[in-house]
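Open your viewer and keep the selection box handy. We will walk through the fold stop by stop, with a note on what to select next and what is there.

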Amino acid sequence: MEYPQYDPNSDHQPLSDEELSTLDDMLTKLPNVDAMNIEALDGYLAGLLLSPQALPTLPGAAWLPEVWGGDGEDLAADTKPENYPFVSGKQRKRVQLLVLRHLRSIAWQWTAKPELWEPIFSVAEQDEGEDLIDAEVWALGFLTAVDLAPDAWEPMFKDAVTGPLLAPIALLGGDENLQSEAEQARLNDPLERDALSRSVLDNVLQLWALRHPQQPA
């Protein structure tokens, strides 16, 4: 199976709302239960861009299949559909192109127009007051990217500067069985969860600026 490579000089036109909806629909309707939705994908791509690994050197095969939950490596070859989990090669290509363009557009926005970047979080609309934001699914996607290179990420989580910036993501997307009572209490409070989620946006932009202070778009 051949996979396209991320090209930092490719099209950076952000996906339209319709294209984002189409991508989300194609992923969530796949037969693979581990396929990401658009929130998890958005966080996953952010994690890839912030990874200590150089994304342009990372083969597509090392990260793209994670988006749709793998290519069915555990299925018997004689019964697995040719383009599993996609219905056709055309659908697979369409998903790959949209994913790569979304990835490139995030990198471009972070560099050239950071004020325009809007991560894809869940929003709970309130009858009164400001809507509540929940970045848990986004954070789960981000940590999936971390899991591709945990040893490389470890120093960033321990660093005095980058560690606190990553902390809300680690808390929102972390294993609840490993969380303290105080951490669980914060996550169970909708206002605390909202505050943690809102901090993710600025923290991610700070992480990008630290790693790429003069990177061109």
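Begin in the middle: the largest nonpolar core has 59 residues, and those with the most contacts inside it are Trp63, Trp110, Trp138 and Phe142. Keep in mind as you look around that this is a predicted model. Now colour the helices that feed this core. H1, H2 (38-50), H3, H4, H5, H6 (150-158), H7 (162-173) and H9 each supply at least two of its residues. H2 gives the largest share, 9 residues.

**Stop 1: tryptophan 63**

Select Trp63 and show what surrounds it. Which residues does tryptophan 63 touch, leaving aside its neighbours within four places in sequence? The contacts are Tyr6, Tyr44, Leu45, Leu48, Leu55, Leu58, Val99, Leu100, Leu103 and Leu148.

**Stop 2: the segment before H1**

Next, select proline 8, which sits in the segment before H1. Proline 8 counts as partly exposed, at 32% relative accessibility. Add serine 105 and draw a distance between the two C-alpha atoms: they are separated by 9.6 Å, although the residues are 97 places apart along the chain.

Stay in this segment and pick aspartate 11. Its partner is arginine 101, and the two form a salt bridge whose closest N and O atoms are 3.8 Å apart. Arginine 101 belongs to helix H4 (residues 89-112) while aspartate 11 is in the segment before helix H1 (17-28), so this pair ties together parts that lie 90 residues apart in sequence. Are the two ends of the bridge buried or exposed? Arginine 101 is buried, with a relative accessible area of 17%, whereas aspartate 11 is partly exposed at 46%.

**Stop 3: a second bridge on H4**

Move along to arginine 92 and aspartate 71. They too form a salt bridge, with the closest N and O atoms 3.4 Å apart. Aspartate 71 lies in the loop between helix H3 (60-67) and H4, and arginine 92 is in helix H4, so to speak a link between distant parts of the chain, 21 residues apart. Both aspartate 71 and arginine 92 are buried.

**Stop 4: from H5 to H9**

Now select glutamate 136 and arginine 193. Their side chains meet in a salt bridge, 3.1 Å from N to O. This pair also links distant parts of the chain: glutamate 136 is in helix H5 (residues 136-146) and arginine 193 is in helix H9, 57 residues apart. Glutamate 136 counts as partly exposed at 31% relative accessibility, while arginine 193 is buried, with a relative accessible area of 15%.

Before leaving the salt bridges, bring up Asp11, Glu19 and Arg101 together: salt bridges that share partners join them into one network. The count for the whole model comes to 10 salt bridges.

**Stop 5: asparagine 203**

For the last stop, follow helix H9 (residues 190-211) to asparagine 203. How much of asparagine 203 is accessible? Its relative accessible area is 11%, which is under the 20% cut-off, so asparagine 203 is buried. Turn on the backbone of leucine 165 as well: its backbone oxygen lies 3.1 Å from a polar atom of the asparagine 203 side chain. Leaving aside neighbours within four places in sequence, asparagine 203 is in contact with Pro164, Leu165 and Pro168.

Technical notes:
Residues are numbered from 1 along each chain as its sequence is written. This is a predicted model: local features need pLDDT of at least 70, side-chain atom pairs count only at pLDDT 80 or more; totals for chains, interfaces and linings use all residues. Side-chain values use heavy atoms; hydrogens and water are left out. Helices (H or I, at least four residues) and strands (E, at least two) are DSSP runs, numbered from the N terminus. Buried means under 20% relative accessible area, exposed over 50%, partly exposed in between (1.4 Å probe, protein chains only). A polar contact is a pair of N or O atoms within 3.5 Å; within protein, one must be able to donate a hydrogen and the other to accept it, and residues adjacent in sequence count only if both atoms are side-chain atoms. Contact means heavy atoms within 4.5 Å. A salt bridge is a side-chain nitrogen of Lys or Arg within 4 Å of a carboxyl oxygen of Asp or Glu. A nonpolar core is a set of buried Ala, Val, Leu, Ile, Met, Phe, Trp, Tyr and Cys residues joined through side-chain atoms within 4.5 Å.
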